[in-house]
Amino acid sequence: MSHNPQAPIVYDLCDRLGLLVMDEASDEWEFPKRKWIKGWNKGEPGYQGSFDFFEEWIERDVTDMVRRDRNHPSVFLWSIGNEVDYPNDPYSHPILDGTGATINQPMFGGYKPDAPDAMRIGVIAQRLAACVRTVDKSRPVTGALAGVVMSNQTAYPEAVDVVGYNYTENRYDEDHATYPDRVIYGSETGSGIDAWYAVKNKDFIFGQFIWTGTDYLGEAGAWPSRGLGTGLLDFASLPKPRGYHRATLWSEKPVTYVGTYPKRDYLSPDAWDIWNYEPGQEIRVVCYTNAPQARLLLNGKVVGEMKPYDVKSGIIYWDIRYEVGELRAEGCDEAGNVLSSYAVRSSGLPYGLRVTADCDSLTADRRVAHVLIEVVDEQGIPVRLADNEITCRIEGPARLLGLENGNNSDMSEHRDHRQRVWRGRLLAYVQATGEAGDIRIRFTSPLLQKTEVVLRGDTFSK
């Protein structure tokens, strides 16, 4: 839970869904960290934060977090802090003057004698770990370290039961050899396949937390950008290509996905499922699958021979020339039997709207519906290149909370009744108001066939 305790309902949902939770107390300790306003490492940073309340509140806050959440079976780790040990932000240590193999982490220059002494980190960690153990001794204490090299010189790693490493997979082998009894995991990592193999291929690493599961508002790049787009899901919680790529690494069920882009000499985990190009254009087709091998078909004809799974990239690919029709990748077993497949079809011009709701009624237990709108052509094929503007109107006991298209570059208002689709899709959030009656949700767009969906609203206390 980055990087502070969340609303109680989040833990209730994690209990029900069977998700494991690292409950985290804070992102800042006694001194302020840099807050980049114009972009990471750009311009003058700000320093507003929680540091000025630290001494008065941190022990009480950590204790209250554990006391509040200890009855949730989903919680398996208590984290006392995230990246409070970032080198020279603010703490420093003489070891930061090291080079090469000694220091392989980003930092703001070498050792700074005038900066806060990094040895203070270990003392604070011991204090906060004691707060946790006073309330709950049944679950381990951890911290997410951003400056492992520096923190290894302090009492921080020994103060906690398990040690989280943020983006420092290259320290796993060295530190495991140096500290064989240390329990290590990836407390924050990227979604690349190398970060996964650092877990999968090392028995002494128990897992990783990817930054991040879903795109989110904040940490935006240069305008136009409203958030960070590194998630496996987009802002509308719809799977992105890299989400499918990760699914092929994790899933115990057969998974296959196909994506495309104009031919370039690289393999991308971010290839969208689009099949609309210029006739004869050379296209790179990539397949993400957990099958031993895969082949590619265009209009039922094999255009990409069976290729084995590539362990290095987790991607199988073919370069073919574009032709209108259906592109299908088939993940197969060693005998050539199809285990799973994924198809994408060339679409025509936008013609109408298709709507799908994730429920048929709204009740006291289910007050919000997610309604997916897709732009389709005259044959009902999704038009992934569409960017039509959609208007939503609701009649009955419900209100529109907002429209989300998943586009990080869309800086328009997302809480009104009008929004453009992105990659041909849009998600509407509809909330019941507590009265009984039909809820009619209409979607219209200029020159497109309109559509609607009707949900049932039940009476409940507001």
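Two strands count as paired if DSSP finds at least two bridges between them. Helices (H or I, at least four residues) and strands (E, at least two) are DSSP runs, numbered from the N terminus.

This is a predicted model: local features need pLDDT of at least 70, side-chain atom pairs count only at pLDDT 80 or more, and totals for chains, interfaces and linings use all residues. Residues are numbered from 1 along each chain as its sequence is written, and side-chain values use heavy atoms, with hydrogens and water left out.

**Stop 1: the five-stranded sheet**

Select Thr391 and Arg418. Thr391 stands opposite Arg418 of strand S21. The strands here are S19 (residues 389-395) and S21, antiparallel over 3 bridges.

Now show the whole sheet. It is open, has 5 strands in the order S17-S24-S23-S19-S21, and its pairing is mixed. Strand S17 (361-362) and strand S21 (418-420) are the edges; each has a single partner strand, so one side of each is left without a neighbour in the sheet.

Move to the other edge. S17 and S24 run parallel, joined by 2 bridges. Select Arg456 in S24: Ser361 stands opposite this residue, and so does Asp438. Strand S23 (residues 437-444) runs antiparallel to S24, with 7 bridges between them. In the hairpin of S23 and S24, 6 residues lie between the strands, and Leu447 takes a positive phi near 75°.

Turn S24 (residues 451-457) to compare its faces. Thr451, Val453, Leu455 and Gly457 form the covered face. Glu452, Val454 and Arg456 form the uncovered one.

**Stop 2: the three-stranded sheet**

Select S9, S10 and S13. They form an open sheet in the order S9-S10-S13, with antiparallel pairing. Strand S9 (256-262) and strand S13 (316-321) stand at its edges, each with a single partner strand, so each has one side without a neighbour in the sheet. Neighbouring strands are turned by 25° against each other on average, direction ignored. Axes are lines fitted to C-alpha atoms, for helices over the stretch in contact, and angles run from 0 to 180 degrees between N-to-C directions.

Zoom in on S10 (residues 282-289) and S13, which pair in the antiparallel sense over 6 bridges. Glu282 has Arg321 as its bridge partner in S13. Val285 stands opposite Trp318.

Which side chains of S13 are buried? Ile316, Trp318 and Ile320 are; they point to one face. Tyr317, Asp319 and Arg321 point to the other and are not buried. Buried means under 20% relative accessible area, exposed over 50%, and partly exposed in between (1.4 Å probe, protein chains only).

**Stop 3: helix H8**

Select residues 241-250. This is H8, lying across S9 and S10 and running at about 45° to S10. Of its 10 residues 7 are buried, so H8 is largely enclosed by the rest of the structure. The buried ones are Pro241, Arg242, Gly243, His245, Arg246, Thr248 and Leu249. They pack against helix H7 (193-200), S6, S9 and S10. Contact here means heavy atoms within 4.5 Å.

**Stop 4: Glu30**

Select Glu30, in the loop between strand S1 (21-24) and helix H2 (54-69). Is Glu30 buried or exposed? Glu30 counts as buried, at 13% relative accessibility.

Show its polar contacts (a pair of N or O atoms within 3.5 Å; within protein, one must be able to donate a hydrogen and the other to accept it, and residues adjacent in sequence count only if both atoms are side-chain atoms). The side chain of Glu30 makes one with the side chain of Tyr91, at 2.9 Å. Another, of 2.6 Å, joins the side chains of Glu30 and Arg120. Leaving out residues up to four places away in sequence, Glu30 touches Phe51, Phe54, Tyr91, Arg120 and Ile124.

**Stop 5: Gly227**

Select Gly227, in strand S8 (residues 227-228). At 2% relative accessibility, Gly227 counts as buried. Residues touching Gly227, not counting those up to four places away in sequence, include Tyr216, Phe235 and Asn408. Now add Lys200, 27 residues apart from Gly227 along the chain: their C-alpha atoms are separated by 30 Å.
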